[in-house]
Amino acid sequence: MEQDLLLNAQWYDYVPIVIYFAFVLGVGFVMKAKAKSSDEFLTGGRSMPAWVTGIAFVSANLGAVEIMGMSANGAQYGMPTFHYFWVGAVPAMIFLGLVMMPFYYGSKVRSVPEFMFKRFGTTAHLINSLSFALAQLLIAGINLFLLGKIINWLLGWPLWLALVVAAVIVFTYITLGGLAAAIYNEVLQFFVIVAALLPLTLIGLHRTGGWSGLKAQITENAVSSGTDPALQLNSWPGLLLSGFDSPVMSVVGIVFGLGFVLSFGYWTTNFVEVQRAMASDSISAAQKTPIIGTFVKMFVPFLVIIPGMIAGVLVSEVAEAKNAGESFEYNNAILLLMRDILPDGLLGLAITGLLASFMAGMAANISAFNTVFTVDLYERYFKPGQSDDTYLRVGKLSTLAASIIAIFTALIASQYNNLMDYLQQLFSMFNAPLFATFIVGMFWKKATPAAGWMGLAAGTLGALAINVLMWTGSLSLPGQGGAFLAASTAFVVDVVVTIIASQFTRPKPEAELRGFVYSLTPKSERTDPQLHQLPAWRRPIPLGIAASVLVIALNVVFH
């Protein structure tokens, strides 16, 4: 199978790849001078403008799962996949910018788990730090697996060798320049990704006869296979995506499970993305980072989902497996489309875009891991009060360790035909309960430290129980309905346990909750003192309103 899929690149296809790697390593060397302290290495020194962190915010998420996973979903499910962006991302990103970033940035914490420590104490912090570190190693493995797979298909190298080479490259530029190098490379990688994927969409639509032609071919294939084409060509009620037979339950699952619990859990508490906003140079810049990202995020589906839908009709292997209802590794859909429709000279650019996306995703995971490991585990629990050089050295060593471990977690990712299934399972256990604990603690001053860790642990176990039922076959939901159910269970269990436990345990004094609970934090501490100097269009609230109007319009047009 692998030999059939080998990408037949010519010598000139390697030119953009070589140029790209030279730029990536060059950025690492340039930023080396700005990563001499542990703070600069791990946090970027809080010195970056909003447009840089805004693009990096999206680019950090535009990794292997976004490109391969969403194109796989597009090929398998069609338009309901749009919900991952317009329901499952944008609203949460706006909420993060307007409501939560002032707390993260204003509290001067270096990581999301550190915020958890100051709000709920040691036990909740330790649970959060360990679960987050584990999640980043697993997700870095997804990005590394697909990065290695591209090298394997392009050069014919064994997968293990491709994994090692890919890990070494990412490790090198993060170790040289720290978070700043990762962020500036993510900006570069974003533009490379767009330049690589836009031709794929345009050429694919041209081959299918435009948007109307694509819909006509999807309809024809669905009718011939005895399925309803509306399931793929209407985003609502999204039965294929949710796995529910009932339209009402499907909408509830997508809105609550994906749009609220999984989405808010990911975007508002996932340090991978929040870290980019926290590197901004002011509170307003930190707020604008995810909001600027929404304008980019809204149009990513046209670069990743539509090519997947095109692959479902133009790529013979995908179309035949889909029409016959056979098991198929849909992660390969976008690669097969590149193989079949890209003319000479564009294949190298497309491969460069994929390499850029996978490296951006892996670098984001590893840079977040090294911060949490150094700040929240090593400095707090193992060796507090050490010199800055010690923490800088530990940050670099943890980067090395994460790069090596990711090689092995990549082998776990290789077992999944659709990586979004795997990722949503991880999010349901790691992000959904954390969001519940955060949101209760931020808006309810009576939530106690003991209740915080109890709710977090109970929610995680609740999601794990649902996933175990799915893994063992005791519960069966096609699509990603199982992850939606697990996330919803985690959220509800976490909130209920936190509320009940708070009735029997002692809360922190209100004086210690200032800056961490909404009602106890003065507006002056949640607002940029220089905000009045900015024109209206550069302020967070007007930008958030504009983003909300635009995403509603997209949902109406592509319903």
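# Close-up views of a predicted model

**View 1. Right after helix α8 comes Gly121, with a positive phi near 100 degrees.** This is a predicted model, so keep that in mind as you look around. Helix α8 itself covers residues 112-120, and seven of its nine residues are buried, so the rest of the structure largely encloses this helix. Which residues of α8 are the buried ones? They are Val112, Pro113, Glu114, Phe115, Met116, Arg119 and Phe120.

**View 2. Here helix α7 crosses helix α14.** α7 runs over residues 90-106 and α14 over residues 247-269, and their axes come within 9 Å, crossing at roughly 40 degrees. An angle like that is why α7 counts as oblique to α14. As for its hand, the crossing of α7 and α14 is right-handed. On the α7 side, look for Pro91, Ala92, Met93, Phe95, Leu96, Met100 and Tyr104. Facing them from α14 are Ser263, Phe264, Trp267, Thr268 and Thr269. What kinds of residues make up this contact of α7 with α14? Sorted by class, there are nine nonpolar residues, three polar ones and no charged ones.

**View 3. Stay with α7 and you'll meet a second partner, helix α15 (residues 271-278).** The axes of α7 and α15 are 11 Å apart, and the two helices pack at an angle of about 75 degrees. So α7 is roughly perpendicular to α15. From α7 the contact takes in Leu96, Met101, Tyr104 and Tyr105, while α15 brings Val274, Ala277 and Met278. Leu96 and Tyr104 may ring a bell: α7 also uses them in its contact with α14. By class, the contact of α7 with α15 holds seven nonpolar residues, with no polar and no charged ones.

**View 4. Now follow α14 to its packing with helix α23 (residues 432-443).** The axes of α14 and α23 sit 8 Å apart, at an angle of about 75 degrees. That makes α14 roughly perpendicular to α23. Phe260, Val261, Phe264, Gly265, Thr268 and Thr269 of α14 do the touching on one side, with Ala432, Leu434, Phe435 and Phe438 of α23 on the other. The contact of α14 with α23 divides into seven nonpolar, three polar and no charged residues.

**View 5. Zoom in on Gly265, a residue of helix α14.** Is Gly265 buried or exposed? Its relative accessible area is 0%, so Gly265 is buried. Not counting residues up to four places away in sequence, Gly265 touches Phe260, Asn270, Asn431 and Phe435. One of these, Phe435, belongs to the α23 side of the contact with α14. For a sense of distance, Gly265 and Met298 are 33 residues apart in sequence and 19 Å apart in space, C-alpha to C-alpha.

**View 6. Lys297 has its place in helix α16 (residues 283-297).** At 2% relative accessibility, this lysine, Lys297, is buried. What does Lys297 touch, once its neighbours within four places in sequence are left aside? Its contacts are Val58, Asn61, Glu66, Phe85, Ala89, Met93 and Trp267. Two names on that list take you back to View 2: Met93 comes from α7 and Trp267 from α14, and both take part in the contact of those helices.

**View 7. Between α19 (333-341) and α20 (346-382) there is a loop, and Leu342 sits in it.** With a relative accessible area of 13%, Leu342 is buried. Apart from its neighbours within four places in sequence, Leu342 is in contact with Leu200, Ile203, Leu337, Leu347 and Ala350. Computed along the chain, Leu342 and Leu147 are 195 residues apart, yet C-alpha to C-alpha they are 20 Å apart in space.

**View 8. Gly210 lies in helix α11 (residues 210-224).** Gly210 is partly exposed, with 23% relative accessibility. C-alpha to C-alpha, Gly210 and Leu197 are 17 Å apart, and in sequence they are 13 residues apart.

**View 9. One last look, this time at confidence.** The average pLDDT of the chain is 81, and 90% of the residues score at least 70. Residues 1-5 have a pLDDT below 50, and beyond near neighbours in sequence this stretch has seven contacts in the model. Where pLDDT is low, the predicted coordinates shouldn't be read in detail.

Key. Residues are numbered from 1 along each chain as its sequence is written. This is a predicted model: local features need pLDDT of at least 70, side-chain atom pairs count only at pLDDT 80 or more; totals for chains, interfaces and linings use all residues. Side-chain values use heavy atoms; hydrogens and water are left out. Axes are lines fitted to C-alpha atoms, for helices over the stretch in contact, and angles run from 0 to 180 degrees between N-to-C directions. Helices (H or I, at least four residues) and strands (E, at least two) are DSSP runs, numbered from the N terminus. Angles under 35 degrees count as roughly parallel, over 145 as roughly antiparallel, 65 to 115 as roughly perpendicular and the rest as oblique. A crossing is left-handed if the near helix is turned anticlockwise from the far one by less than a right angle, and right-handed if clockwise. Contact means heavy atoms within 4.5 Å. Ala, Val, Leu, Ile, Met, Phe, Trp, Tyr, Cys and Pro count as nonpolar, Asp, Glu, Lys and Arg as charged, and the others, Gly among them, as polar. pLDDT is the predictor's confidence in each residue, from 0 to 100. Buried means under 20% relative accessible area, exposed over 50%, partly exposed in between (1.4 Å probe, protein chains only).
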